[in-house]
Every structure is written in structure tokens, then in C-alpha cells.
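Biologist: Before I accept the labels on this model, I would like each one set against its criterion. Could we go through them one at a time?

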Amino acid sequence: MPPRPLTGVVFLTGIVTGSVISFFSIHMLSSSSLKTVALFDSHHRLDHKVDIDLLCNVSRKFHPDPVRPSKRTDSPLSESAKSSLKEIDERAIQASPKSHDEINRLVVPKEEIHLADEHHHKDEMDVASKIASKVRVLCWVMTSPENHQKRAIHVQKTWGKRCDKLLFVSEKSDKSLPVLKVSVKHGREHLTAKTMTAFDHIFEHHFHEADWFLKADDDTYVVVENLKYFLSSQNSSDAVFFGHHFKTIIKQGYFSGGGGYVLSKEALRRFGHRRKGSCRRDFGVEDAEMGRCMEVLGVRTGDSRDKLGRSRFHCFNPDAHIRGAYPKWYYSYDKYGAHKGIESISDYAITFHYVSVQLLYNLEFYTYHLRPYGIVSGLQDLNIDAKQKADLLPYYKAMSQSRN
């Protein structure tokens, strides 16, 4: 029997902390939702724990749930009630945005945030460094001129610096960023052209600089060590790509653009040598059109779930996936059942989407800086090969049914 599902915090692959453990926080949970989220681990994580006689219950002060004014059926809402409702809706968006329009409404911190520590964390990085030297990843980030200083610059300061090569694809150059300027009309309806142009340029100019090629948005957060760990079990010579799997529109499905998807070297080679007219050049839904293109080129959609069937790529932010705060369309799109809760998220999660700048830095802090004293994290083997995947299929199905 496969081991019991792992639940709880998310770890960095290959970084063993000295008397500490790295984790993602649950960001901005409301007081009511906090009561329904289980944070206790039900398995042994290979962590070395010091003897502790008493664990104190610590009450964290999350954003409390405001009380909505009751709606009267016999009279319209007062102006103060309307104002309160508007404030509540705005706070909900600030806490857990679920669209690009909501992300654009967020307040961007003006003060510069420094995350460089003045002391040594005593982390053991030999494993992560070894994987990093063998698995080369080029990351390109979809952005736009108005977001260079609002979002892109913050990606460069955080997770982007861990890629072997980082490019920002935009319609205008910027001296403060490694921008790949593309001659494409501005607007969401032209994201397909932007993506196709970016991958064409990368194939022509950067093909030999990496083994894998990640596309992400400027509101995506990526744990690069976990990405490289996952890819270390894959073959870049296979025609395959990975991401958060949607099952609609395309026969084999496609991957969420905001959740990030990564192409193998062979997938990019086929893309670069595709026949004229085989893939759409513009319009349509960008990630679906890229998925359609990959299918035409014989590039298969890969399964990125870990050994316990838990997700690694995510098209929403951590709060949404933990609480299951999904829009209705998601339930018919997600290939693996739109599960929620910490038990459905891999300890070695790779991406999250709709991440505000504030949350971007929070995730960076919680993942690479905050440590609980006295706990040393051990490494878990959560990658699976083809034979293991076949053996685990019945377990995946049973687990999926139990979660539903």
C-alpha cells in the first residue's frame, strides 16, 4: 500500500534547514475559515524533532470576518450599508484575488522590501545545488509596460533570480529588467501572439542555454528548487510539457498559463521547427492555443502530481486552494477533481497564481527565512517513474473518490 497522504506545510526540495524547517504560510485566512482548516500533520516527515514537553496554542490574528449588514426586503440598503458591503468585497479581493482584474485592483507596496539576511541560516543546500547544476531552467515571464515596476521588478528580486536564465516578455524595453521586446499589439486578446513570439525567439537564441523552458505570469510565484527537483525525474528529450492540467477544449487538455507551464527541450525543438500554419499565431485563449499547438506537434501533457497524487502546479493562490474558494468554472476544468485543503497540495509545490506583490514577498519570507526552532527537515522522495505511476493509478482513483 502507498503511504498515507502527507498534509501540512510545503517544503523546499534539497534544502535541509539547521534546526528549522521551511514552509508556506496560509495567507490572510479569515477567522471563520481558520476554524475549518486542519493544519496538523498525519504522517512522519523524516523531521528530527527536539523533545518538547508542552506545545502552546498560539492564536494568530488574521483578518477578522466583518459582519455583513443584513439585507432588508422592504427597503433598499442605506448608503452606509452599501459602503460596508463594498469594503467587505474589496477586502475579500485583497485577501484572495482570483482574476487578473482583481489583481490589478490591489495596492502595490511603494516601499522597497529587502529580504537579504545579514546572517547565515546554516541551511544544507548540497542536494539542491547538485540538482540545480544538472537541471537547467530558462524562465520567461509574461508582463506589460505598465507592470514593469509594479510586478515584474518584484519577480526579479524574488523567485526569478533562482532561474538559470530569466526573461520578461513585454512590448517595451526597460533598462532595469532583462526584457525581451516583442512587436505585438498590446491587450489580452493578443497574448497568444506574445507567447508564440516569445517561444520562437527563445528557440532561435537560447535553445542551448537550458533543458527546460518555463512560461509564467508576473503574478505567478515559483519555488524553483521544487521545479528542478520534479524535472530531475523527467527526460528533457521527451516531447512533453507540464503544468496545472485543464481537461476542456483540447482533446488531451492543456495547462493554465497563469499557473505556469514548462516545455521540455524536445517540445521546444518541435515548436521551433513547426510547419507554417500548424499553430495559431494570435487571438484565442493563449494557454489553450498553446495546448492545441503542442497536441498538433505530438507533444503530450505530462502528469506533475507527486507520489501521493497531490498537485504541484496551481492556477490560484494558496488561500484559494486551501479553502477551496474556487469560481464555478473551475470544477469543470480541473482534470483531477478540483480538490481543496492542505492534504491535496504537495509538500514540494511548484507554483501559485494570482499572487499579489505583498503575498509574493510573504511567500518568499515564509519559504526561505522563517524557521521554527528545533525542527530539522528531512528529504522526501515524492517523484515517481512510469512504472510507479502505473502501480499507483488505483490508489489515485480511490483517493480522489474519498476526497469527493
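Modeller: Start with a single pair: the bridge partner of V141 in β5 is A216. This is a predicted model, in which local features need pLDDT of at least 70 and side-chain atom pairs count only at pLDDT 80 or more, while totals for chains, interfaces and linings use all residues. Residues are numbered from 1 along each chain as its sequence is written, and side-chain values use heavy atoms, with hydrogens and water left out.

Biologist: How do you know that β2 and β5 are joined, and which way do they run?

Modeller: Two strands count as paired if DSSP finds at least two bridges between them; strands are DSSP runs of E with at least two residues, helices are runs of H or I with at least four, and both are numbered from the N terminus. β2 and β5 have six bridges and run parallel. β5 is also joined to β10 by four bridges, and that pair runs antiparallel. In the second pair, L214 stands opposite V262 of β10.

Biologist: What makes the sheet open and its pairing mixed?

Modeller: The order is β4-β3-β2-β5-β10-β7-β11, seven strands in an open sheet with mixed pairing. β4 (179-181) and β11 (300-301) are at the edges, each with a single partner strand, so one side of each has no neighbour in the sheet. As for mixed, β7 and β11 run parallel, with two bridges, whereas β7 (residues 240-243) and β10 (residues 261-264) run antiparallel, with three bridges.

Biologist: Which residues stand opposite F241 of β7?

Modeller: F241 faces T301 in β11 and L263 in β10. G243 has Y261 of β10 as its bridge partner.

Biologist: Why is β5 called largely enclosed?

Modeller: Buried means under 20% relative accessible area, exposed over 50% and partly exposed in between, with a 1.4 Å probe and protein chains only. Six of the six residues of β5 meet the buried criterion, so the strand is largely enclosed by the rest of the structure. Both of its faces are covered, with W212, L214 and A216 buried on one side and F213, K215 and D217 on the other. β7 is also covered on both faces, by the burial of V240 and F242 on one side and of F241 and G243 on the other.

Biologist: What makes helix α7 largely enclosed?

Modeller: Eight of the eight residues of α7 (residues 224-231) are buried, so the same wording applies to this helix. Among them are the charged-named positions E225 and K228, along with V224 and F230.

Biologist: Which strands does helix α6 lie across?

Modeller: Helix α6 (residues 191-206) lies across β2, β3, β4, β5 and β10, at about 150° to β2. Helix α9 (residues 286-296) packs on the sheet too, touching β2, β5, β7 and β10, with its direction about 20° from that of β10.

Biologist: Why are α6 and α9 called oblique?

Modeller: The angle between them is about 50°, and their axes are 8 Å apart. Axes are lines fitted to C-alpha atoms, for helices over the stretch in contact, and angles run from 0 to 180 degrees between N-to-C directions. Under 35 degrees is roughly parallel, over 145 roughly antiparallel, 65 to 115 roughly perpendicular and the rest oblique. The pair is therefore oblique. Contact means heavy atoms within 4.5 Å, and this one is made by L191, T192, T195, M196 and F199 of α6 with E286, E289, M290 and C293 of α9.

Biologist: What makes α6 and α8 roughly perpendicular?

Modeller: α6 and α8 (residues 265-272) pack at about 105°, with axes 9 Å apart. That angle makes the two helices roughly perpendicular. The contact involves M196, F199, D200, I202 and F203 of α6 and L268, R269, F271 and G272 of α8.

Biologist: What makes the phi of I249 worth a remark?

Modeller: Most residues other than glycine have a negative phi. I249 is not a glycine, yet its phi is positive, about 70°. I249 is in the loop between β8 (245-246) and β9 (254-255). A338 also has a positive phi, near 50°, and is a residue other than glycine. A338 lies in the loop between α11 (330-333) and β12 (351-352).

Biologist: How do you know that A338 is buried?

Modeller: The relative accessible area of A338 is 9%, which makes the residue buried.
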